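Student: Hi! Could we walk through this structure together, one question at a time?
Tutor: Gladly, let's have a look.

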Amino acid sequence: MQIVTDQPSPADALLDLRCSIDNIDSALISMLAERFRCTKAVGALKAHYGMPPADPARESRQITRLRTLAEEAHLDPDFAEKFLNFIIHEVIRHHEAIAQQSSDSAAK
């Protein structure tokens, strides 16, 4: 006698979970791309008006805000902070490059 269940096999369940993970990864990449399009515009604005590439006060507020959001979402706030710090570092690097390009263009 064979017992029939409505539950998927472990292999099918794994495939379904991995499909969900792949979809989430695609959404994350799209969201990061949109975020960096916005921060590129911020960098251009800062360069145009001679503002510094970094804003430590805002960065601190953002880290505090994201740590709280992470806690509420049951995500490790230390991980969230590391992730945000990586993004902030990249944004500042882009802003510095934009400022340098703006400076080089003005010197010509």
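Student: Is Gln-62 buried or exposed?
Tutor: First, a word on what we are viewing: this is a predicted model, where local features need pLDDT of at least 70 and side-chain atom pairs count only at pLDDT 80 or more, while totals for chains, interfaces and linings use all residues. Residues are numbered from 1 along each chain as its sequence is written, and side-chain values use heavy atoms, with hydrogens and water left out. We call a residue buried under 20% relative accessible area, exposed over 50% and partly exposed in between (1.4 Å probe, protein chains only). Gln-62 has 13% relative accessibility, so the answer is buried.

Student: In which helix does Gln-62 lie?
Tutor: Helices here are DSSP runs of H or I with at least four residues, numbered from the N terminus. The run from 56 to 72 contains Gln-62, and that helix is α2.

Student: Which residue does the side chain of Gln-62 join in a polar contact?
Tutor: A polar contact is a pair of N or O atoms within 3.5 Å; within protein, one must be able to donate a hydrogen and the other to accept it, and residues adjacent in sequence count only if both atoms are side-chain atoms. For Gln-62 the contact is 3.2 Å, and the side chain at its other end belongs to Arg-65.

Student: What span does α2 reach from its first C-alpha to its last?
Tutor: The expected span of a helix is 1.5 Å times one less than its number of residues. With 17 residues, α2 has an expected value of 24 Å, and its actual reach is close to that, at 24 Å.

Student: Within what arc do the buried residues of α2 fall?
Tutor: Those residues are Glu-59, Gln-62, Ile-63 and Ala-70. The arc is taken from the directions that run from the helix axis to the C-beta atoms. Seen down the axis, the buried residues line one face of α2, because they fall within an arc of 105°.

Student: Which exposed residues does the face turned away from the buried side of α2 carry?
Tutor: Now we look at the face of the helix that is turned away from its buried residues. The exposed residues carried there are Arg-61 and Glu-72.

Student: Which helix is included in what covers the buried residues of α2?
Tutor: Contact here means heavy atoms within 4.5 Å. The relation also appears from the other side, since what covers the buried residues of α3 includes α1 and α2. For the buried residues of α2, the cover includes α3.

Student: Which residues are joined with Arg-67 into one network of salt bridges?
Tutor: A salt bridge is a side-chain nitrogen of Lys or Arg within 4 Å of a carboxyl oxygen of Asp or Glu. Glu-81 forms one with Arg-67, the closest N and O atoms being 2.7 Å apart, and Asp-78 forms another with Arg-67, at 3.0 Å. Sharing Arg-67 as a partner, the bridges make one network that also takes in Asp-78 and Glu-81.

Student: How many salt bridges are there by this rule?
Tutor: Another one joins the side chains of Arg-37 and Glu-34, 3.0 Å from N to O. Both of these residues lie in helix α1, 3 residues apart, which is about one turn. The count by the rule comes to 4.

Student: Why does Arg-37 count as exposed?
Tutor: Its partner Glu-34 is partly exposed, with a relative accessible area of 40%. Arg-37 counts as exposed because its relative accessibility is 52%.

Student: Are the rings of Phe-79 and Phe-83 stacked or edge-to-face?
Tutor: Rings of Phe, Tyr and Trp (its six-membered ring) pair if their centres lie within 6.5 Å; planes under 30 degrees apart count as stacked, over 60 as edge-to-face and the rest as tilted. A search of the whole structure finds 1 aromatic pair. The ring centres of Phe-79 and Phe-83 are 6.3 Å apart with planes at 20°, so the pair is stacked.

Student: How many residues apart are Phe-79 and Phe-83 in helix α3?
Tutor: An α-helix has 3.6 residues a turn, so residues three or four places apart point the same way. Phe-79 and Phe-83 are separated by about one helical turn, because their spacing in α3 is 4 residues.

Definitions and conventions: Helix = DSSP H or I, 4+ residues; strand = E, 2+ residues; numbered from the N terminus.
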